[in-house]
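Biologist: Can we go through this one together? I'd like to start with the pockets, then the core, then the cysteines.

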Amino acid sequence: MQIPADSIAEYLSQIPEERQEAFIKLYNTIKKNLPDGFEETLSSGMITWNVPLETYPAGYHCTPGKALPFIALASQKNFIALYHMGMYANDDILTWFTEEFPKYSKRKLDMGKSCIRFKHNNEIPFDLVAELIKKMTVQNWIDLYEKNIKR
C-alpha cells in the first residue's frame, strides 16, 4: 500500500486514524535520533532518509543518480514498516537488535531482512528503535555500503 503524497506533512495526514499516533511517534523517534547528515524525502510511497548525492555522489548503484537509501518508514495495509538497510548489511547490528527486542516487547519479532513490521501500534518499542537509529552515522553507512557492493 503506497500513500500518494507530495510532502511529509501530507503523507502523515493520510495515515489511517487508528495508527496515526503511533506512526507519528515512530517518525519523530527516527528524526530525533538519526545522526546528522541524512536527508529526509518521500520515495516509493514511503518516508525515507538517504545519504544525499552532495555527500555521496556515487549514489545508489541500483538506481544511478539517486541518493543512497538508508531508512524508510511506511504505513502498509496491515502494519507499520520500518526498513533499516544498516541491519541488512551489518550482522552485528542485526544480532544486537534481535537479541534486544525481547527485552522491550512481549511480542515475537516480526521482520524480514531489513523490514521490521509493527502490527500492534500500542506495543512499538520506541526506546529500542531510538537506540537502533543512533547506531550508524552517514560515514559508517557509506563505508559499509562500499564494502558490501565491492565484494
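Biologist: How much space lies in the largest pocket?
Modeller: About 400 Å³. This is a predicted model, where local features need pLDDT of at least 70, side-chain atom pairs count only at pLDDT 80 or more, and totals for chains, interfaces and linings use all residues. Residues are numbered from 1 along each chain as its sequence is written, and side-chain values use heavy atoms, with hydrogens and water left out.

Biologist: Which residues are the closest to the centre of that pocket?
Modeller: Ser-43, Thr-48, Asn-50, Ala-67 and Pro-69, out of 17 that line the largest pocket. A pocket is an open set of points on a 1 Å grid over the protein atoms alone, where a 1.4 Å probe fits, with protein on both sides within 12 Å along at least five of seven lines; lining residues have an atom within 4 Å of a point.

Biologist: Which elements give two or more residues to that lining?
Modeller: β1 (39-43), β2 (46-51) and β3 (68-75). β3 gives the most, with 4 residues. Strands are DSSP runs of E, at least two residues, and helices are runs of H or I, at least four.

Biologist: And the second largest pocket, how much space is there?
Modeller: About 180 Å³. It has 13 lining residues, and Met-85, Tyr-88, Ala-89, Trp-141 and Tyr-145 are the closest to its centre. α6 (138-149) supplies the largest share of this lining, 4 residues.

Biologist: Switching topic. How many residues are in the largest nonpolar core?
Modeller: 43. Trp-49, Leu-73, Phe-118 and Trp-141 have the most contacts inside it. β3 gives the most to this core, with 6 residues. A nonpolar core is a set of buried Ala, Val, Leu, Ile, Met, Phe, Trp, Tyr and Cys residues joined through side-chain atoms within 4.5 Å. Buried means under 20% relative accessible area, exposed over 50%, partly exposed in between (1.4 Å probe, protein chains only).

Biologist: What does Phe-118 touch?
Modeller: Leaving out residues up to four places away in sequence, its partners include Leu-26, Phe-79, Phe-101 and Val-129. A contact here is heavy atoms within 4.5 Å.

Biologist: Now the cysteines. How many disulfides are there in the whole structure?
Modeller: The search finds 0. A disulfide is a pair of cysteine sulfur atoms within 2.5 Å.

Biologist: Why is Cys-115 without a bond?
Modeller: Because the closest cysteine sulfur, in Cys-62, is 18 Å away, too far for a bond.

Biologist: Is Cys-115 buried or exposed?
Modeller: Cys-115 is buried, at 10% relative accessibility. Cys-62 is partly exposed, at 49%.

Note on methods:
Points joined across faces, edges and corners; volume = space filled by probe spheres on them.
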